[in-house]
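Visitor: I'm new here, so could you walk me through what's on display?

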Amino acid sequence: MRFVKKSGDQAGARNAGTRPTLIKWFSQALVFAACAAGFVASSHAASADIAASAACKALQAKYSQFNGKTLTNAINPHTPGYEALDPQDPNKYAGFDIDLGEALGKCLGFNVAYKPVGFAALIPTVASGQADFVISDIYATEDRAKAVDFITYSKVSDGVLAAKDNPKKITGIDTSLCGLTAAENTGFVEVPLIENLAATCKAAGKPAPTVLLFDNNASCIQAILAGRADTYINDVNTVEQAVKAYPEKLSKALAVTLPYYIGIGVAQKNTQLRDALVAALKEVQTAGIETALLKKWSLDVAALEAPRVISTTK
């Protein structure tokens, strides 16, 4: 991760030109989520009920320092389906990660506030104490775990986004990218994977791939639509939502499996909050709430991952 710190206001100013496209994209994503209306109602009911469960009552007593408090979640609100501005109410955020964080808060008795920042600033914001945790579709890599502890909650599968019918015949993060341009978010794990192809491409007598860096998913997708980039490699659900939004212009070339998990990031010194979130996540998963939320947001139910701490500290 590139630890480039950006304020929410700065990110908003840079992203102002993409806001109409982002809202359009997110609105279309919500149409697909609305098809699971039954799961919407059931997940809200289950989230409300879990606060009164015996297990969560016990956790509220055990971790009483969080009960009744407001904790801050650092988010990069530009990933429809996970976290983005609610097109029905621009003062709110909506998505799977938002709902999951709220469910954890209900179990432990705390309210959730949000701090929007650039993607590369997510971990520094938590590590520096400006936010209490981050739930923002962030891959829990060993390198990132040098700065924060992670709690896994989802498996990772990436999609390869390309122009309609994949005219460049991209087959993955391999030599098919030689000489092509990939649009990626600053700090994404895919960036070094693509950059590391340079030597392989050179050995094959081909030019290295070029990486264009942006601050959000919408800008990466716009780069392909505008012909500035040939591909965007990111979470498969994000790629699929982009194809649904622009079915005549974009295609998912394929899906690739990456050896990562998506995790909740917590400051390394805040072990009490980390342990409390692990315990609450177990209850949320046992109650079927995470599964219901995955269905609500049209995400892969098989991606659910049991909570496990990834930490570089003793």
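Guide: Happy to, and one term comes up a lot: a residue is buried when its relative accessible area is under 20%, exposed when over 50%, and partly exposed in between. Keep in mind that this is a predicted model.

Visitor: Is Glu240 buried or partly exposed?
Guide: Glu240 sits in helix 10 (residues 236-245). Its relative accessible area is 29%. Since buried means under 20% and exposed means over 50%, Glu240 counts as partly exposed.

Visitor: And which side chain does Glu240 meet in a salt bridge?
Guide: The two side chains come together at 2.9 Å, N to O. The partner lies 12 residues away, in strand 11 (residues 250-267). With a relative accessible area of 34%, the partner is partly exposed. It's Lys252.

Visitor: How many residues apart are Glu305 and Lys155?
Guide: Their side chains form a salt bridge of 3.3 Å, N to O. Glu305 is in the loop between helix 12 (289-296) and strand 12 (309-310), while Lys155 belongs to strand 7 (residues 148-163). Along the chain, they are 150 residues apart.

Visitor: Which residue is linked with Arg274 and Asp275 in a network of salt bridges?
Guide: Arg274 and Asp275 meet at 3.1 Å, N to O. Arg274 is buried at 14%, whereas Asp275 is partly exposed at 30%. The network also takes in Asp149.

Visitor: Which strands stand at the edges of the open sheet of 3 strands?
Guide: The order is 2-3-4, with antiparallel pairing. An edge strand has a single partner strand, so one side is left without a neighbour in the sheet. That description fits strand 2 (78-79) and strand 4 (89-94).

Methods: Residues are numbered from 1 along each chain as its sequence is written. This is a predicted model: local features need pLDDT of at least 70, side-chain atom pairs count only at pLDDT 80 or more; totals for chains, interfaces and linings use all residues. Side-chain values use heavy atoms; hydrogens and water are left out. Two strands pair if DSSP finds at least two bridges between them. Helices (H or I, at least four residues) and strands (E, at least two) are DSSP runs, numbered from the N terminus. A salt bridge is a side-chain nitrogen of Lys or Arg within 4 Å of a carboxyl oxygen of Asp or Glu. Buried means under 20% relative accessible area, exposed over 50%, partly exposed in between (1.4 Å probe, protein chains only).
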